[in-house]
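Grab a pencil and have a go at these exercises. Try each task on your own before you read its worked solution.

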Amino acid sequence: VAKSQGRHCFRFFTRAMQDDALLHMVLASDLRHALGAGQLTLHYQPIVDLAGGRVRKAEALLRWLHPTRGQIPPSQFIPIAEETGLINPIGAWVMRQAIAQVVDWKQRLGVELQISVNKSPVQFLADQHQQEDWLILLEQLGLSGSDIVVEITEGVLMDNDMRVAARLLEYRDLGVQVAIDDFGTGYSSLSYLKKLDVDFLKIDQSFTRNLAPDSHDLSLCEAIVVMAHKLGIQVIAEGVETEAQRDLLRQINCDFAQGYLFAKAQPALEFERLFLKPAPAR
Ligand code: C2E
Ligand code: MG
Ligand code: MG
Ligand code: MG
């Protein structure tokens with residue numbers, strides 16, 4: 001019995017693995033056409049100023065509406081984009097799209113919103129000449145680089161130190177700000193904070209999820225805020241879902257918060273309606 005069960009399990013796993021590999025191949029092939037077919041869009045999640053409650057920042061998050069499979073989460077298709085190199089054209093599109101959106105909101109609504117875009121480690125070193133493209137784009141549109149924040153993870157900072165540092169300096173020259181995403185989850189040493197001029201730390205959701213008075217997580221968050229402020233860095237807490245979490249973060253002087261408490265990532269028009277239009281006079 002054990003033997004047949006064992007074989008059964010084995011077959012089950014190989015089947016699952018085959019299905020995974022197959023889906024992976026199908027998605028890789030479909031992703032090739034997704035950009036051209038208009039299936040990729042950016043959604044925007046507000047980042048709230050904890051002292052004033054205002055929304056002057058948002059994070060742009062990619063969404064893929066697959067024609068037959070529906071929404072595919074970034075956690076599933078970003079790794080595929082990285083493996084296939086598609087992350088480079090997609091990443092370039094994300095940047096252009098985000099810049100165009102900043103300009104649109106500025107010109108049409110007179111709102112100054114800072115938008116952050118994510119860059120995976122693979123993209124980060126690959127997009128050499130893209131920098132010049134943005135510079136031209138930013139100048140043509142009358143924007144300053146500080147309307148854009150680039151979010152990178154600590155993983156970017158672990159290897160290729162020199163090239164990464166050089167690339168970050170190029171951003172700085174454009175005036176583009178830099179945020180360390182998922183802060184606290186990587187294994188890199190903190191010494192990069194001394195060497196590199198970053199503007200924001202984003203505390204990972206795994207630290208904010210269980211925030212409670214007198215918890216270790218609260219002590220950790222507070223220590224991060226104190227350290228960051230001493231280094232002239234502002235802190236954004238990710239994954240804020242409750243008012244209790246928000247209040248604790250405010251008490252420890254965290255600068256900004258982002259999470260479902262305020263809103264999920266929204267299509268541009270919906271974001272605009274919710275956060276950028278003045279409330280109608282009554
Ligand atoms: P991230 O940059 O850390 O983005 C935050 C993720 O947390 C988003 O997931 C967001 O929807 C989710 N989130 C926000 N607030 C809450 C909350 O209160 N609770 C919970 N449980 N989750 C919350 P999303 O949109 O699925 O994106 C996942 C990851 O995919 C991102 O993590 C980022 O690493 C990557 N990604 C998304 N868009 C892009 C892109 O344009 N380029 C690249 N390279 N990566 C991207
Ligand atoms: Mg991010
Ligand atoms: Mg994050
Ligand atoms: Mg700074």
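**Exercise 1. Follow a strand and its partners**

Task: Find which residue of β2 stands opposite L40, then work out which strands pair with β1 and in what sense.

Solution:
- Step 1. Look across from L40 and you meet W64, which sits in β2. Keep in mind that you're looking at a predicted model.
- Step 2. Now take the whole strand: β1 and β2 (residues 55-66) are antiparallel partners, with nine bridges between them.
- Step 3. Check how the chain gets from one to the other. β1 and β2 make a hairpin with five residues in between, and G53 in that turn has a positive phi of about 75 degrees.
- Step 4. Next comes β10 (residues 266-267), which also pairs antiparallel with β1, over two bridges. Here Y44 has Q266 as its bridge partner.
- Step 5. Finally, β9 (residues 256-257) runs antiparallel to β1 and is joined to it by two bridges. In this pairing D49 is matched with F256.

**Exercise 2. Buried or exposed?**

Task: Decide whether P46 is buried or exposed, and whether the rest of β1 fits that picture.

Solution:
- Step 1. Place the residue: P46 belongs to β1, which spans residues 40-49.
- Step 2. Read its relative accessible area, which is 0%. Buried means under 20%, so P46 counts as buried.
- Step 3. See what P46 touches. Leaving out residues up to four places away in sequence, its contacts include V55, K57 and A58, as well as A257, F262 and F275.
- Step 4. Compare positions along the chain: R56 is ten residues from P46, and their C-alpha atoms are separated by 7.9 Å.
- Step 5. Zoom out to the strand. Eight of the ten residues of β1 are buried, so β1 is largely enclosed by the rest of the structure.

**Exercise 3. Two magnesium ions**

Task: List the protein donors of the magnesium ion (ligand 2) and of the magnesium ion (ligand 3), and find which residue coordinates both.

Solution:
- Step 1. Start with ligand 2. E59 (OE), N118 (OD1), E151 (OE) and D181 (OD) coordinate this magnesium ion at 2.0 to 2.2 Å.
- Step 2. Write their spacing along the chain: E-x58-N-x32-E-x29-D. Distant parts of the chain get linked this way, as E59 in β2 and E151 in β5 (residues 148-153) are 92 residues apart. Both E59 and E151 are buried.
- Step 3. Move to ligand 3. Its protein donors are D181 (OD), D182 (OD) and E238, which is listed with OE twice, at 2.0 to 2.4 Å.
- Step 4. Their spacing reads D-D-x55-E. D182 lies in β6 (residues 177-183) and E238 in the loop between β8 (234-237) and α11 (243-251), so this pair ties together parts that are 56 residues apart in sequence.
- Step 5. Check how accessible these two are. D182 is partly exposed at 24% relative accessibility, while E238 is buried at 7%.
- Step 6. Spot the shared residue: D181 coordinates both ions, which are 4.3 Å apart.

**Exercise 4. Around ligand 1**

Task: How many residues surround ligand 1, and which are the closest?

Solution:
- Step 1. Count them: 21 residues surround ligand 1, and the closest are N118, D181, Q205, E241 and Y260.
- Step 2. Look at the polar contacts. A side-chain N or O atom of D181 is 2.8 Å from an oxygen atom of ligand 1.
- Step 3. Check nitrogen as well. A polar side-chain atom of Q123 lies 2.9 Å from a nitrogen atom of ligand 1, and a polar backbone atom of S120 is 3.4 Å from a nitrogen atom of the ligand.

**Exercise 5. Neighbours of β5**

Task: Which strands pair with β5, and in what sense?

Solution:
- Step 1. β4 (residues 114-118) pairs with β5 in the parallel sense over four bridges. There, N118 has E151 as its bridge partner.
- Step 2. β6 is a parallel partner of β5 too, over five bridges, with V150 matched to V178.
- Step 3. Five of the six residues of β5 are buried, so β5 is largely enclosed by the rest of the structure.

**Exercise 6. One side of a helix**

Task: Which residues of α11 are buried, and what do they pack against?

Solution:
- Step 1. The buried ones are Q245, R246, L248 and L249. They span an arc of only 165 degrees around the axis, so they sit on the same side of α11.
- Step 2. These buried residues pack against α9 (205-208), α10 (216-230) and β8.

How values were computed. Residues are numbered from 1 along each chain as its sequence is written. Chains are lettered from A and ligands numbered from 1 in the order in which they are written. This is a predicted model: local features need pLDDT of at least 70, side-chain atom pairs count only at pLDDT 80 or more; totals for chains, interfaces and linings use all residues. Side-chain values use heavy atoms; hydrogens and water are left out. Buried means under 20% relative accessible area, exposed over 50%, partly exposed in between (1.4 Å probe, protein chains only). Contact means heavy atoms within 4.5 Å. Two strands pair if DSSP finds at least two bridges between them. Donors are N, O and S atoms within 2.8 Å of the metal (3.2 Å for Na, K and Ca); water is not among the atoms, so sites may look incomplete. The arc is that of the directions from the helix axis to the C-beta atoms. A residue is near a molecule or strand if one of its heavy atoms lies within 4 Å of it. A polar contact is a pair of N or O atoms within 3.5 Å; within protein, one must be able to donate a hydrogen and the other to accept it, and residues adjacent in sequence count only if both atoms are side-chain atoms.
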